[in-house]
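User: I have a model open on my screen and would like to know what stands behind the words used for it. Could you take me through the terms?

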Amino acid sequence: MHIKEGPHGPLFIVESEAGKVFEGASPTHPWTQACLASYSKGTRISGPLFFGFSDPITQKMIEDLPGYQKYEDVVAEVEAEERAVALAEVEDELNGGGDNKDETAENKSKDKEES
């Protein structure tokens, strides 16, 4: 079992004793695949637990990495960006719609030139 860099983030990999490889973008995904491929299909395993993410020492080490952001801070940033985009869309609609954005900018430019 290991983690490597994938094309869009971490790639979690679990390999069976028989050499069958299961991988996914979350720690749960490869373990779910492995359980479904096993003889005891009802078995479920916590991917984060098996990869060590539930361990307080591992959590502290991750928090100490450069560039680490708390989940709550990331959520707040994403929500702020979503609100800004939604507000811009509403303002755009109130100012005549988004379809004429280029045309409106062009008209304003022409108006300034004529002044």
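Analyst: Happy to; here are the terms, each with its cut-offs. This is a predicted model, where local features need pLDDT of at least 70, side-chain atom pairs count only at pLDDT 80 or more, and totals for chains, interfaces and linings use all residues. Residues are numbered from 1 along each chain as its sequence is written, and side-chain values use heavy atoms, with hydrogens and water left out.

User: What makes a stretch count as a helix or a strand, and how many are there in the chain?

Analyst: Both are DSSP runs numbered from the N terminus: H or I over at least four residues for a helix, E over at least two for a strand. By that rule the chain has five helices and three strands, in the order β-β-β-α-α-α-α-α from the N terminus.

User: How do you know that strand 2 and strand 3 pair?

Analyst: Pairing requires at least two DSSP bridges between two strands. Strand 2 (residues 9-15) and strand 3 have four, in the antiparallel sense, so the requirement is met. Ile13 has Glu23 as its bridge partner, and Val14 stands opposite Phe22. Five residues separate the two strands in a hairpin, and Gly19 in the turn has a positive phi of about 95 degrees.

User: Why are strand 1 and strand 3 called edges?

Analyst: The open sheet has the order 1-2-3, with antiparallel pairing. Strand 1 (2-6) and strand 3 each have a single partner strand, so one side of each lacks a neighbour in the sheet.

User: Which residues of strand 3 are called buried?

Analyst: Phe22 and Gly24 are, and they point to one face, while Val21 and Glu23 point to the other and are not buried. Buried means under 20% relative accessible area (exposed is over 50%, partly exposed in between; 1.4 Å probe, protein chains only). In a regular strand the side chains alternate between the two faces of the sheet. Of the 115 residues of the chain, 14% count as buried.

User: What puts the buried residues of helix 1 on the same side?

Analyst: In helix 1, the buried residues are Pro30, Trp31, Ala34 and Cys35. They cover an arc of only 135 degrees around the axis, which puts them on the same side of helix 1; the arc is taken from the directions from the helix axis to the C-beta atoms.

User: What do those buried residues pack against?

Analyst: They pack against strand 2, strand 3 and helix 2 (47-50), where contact means heavy atoms within 4.5 Å.
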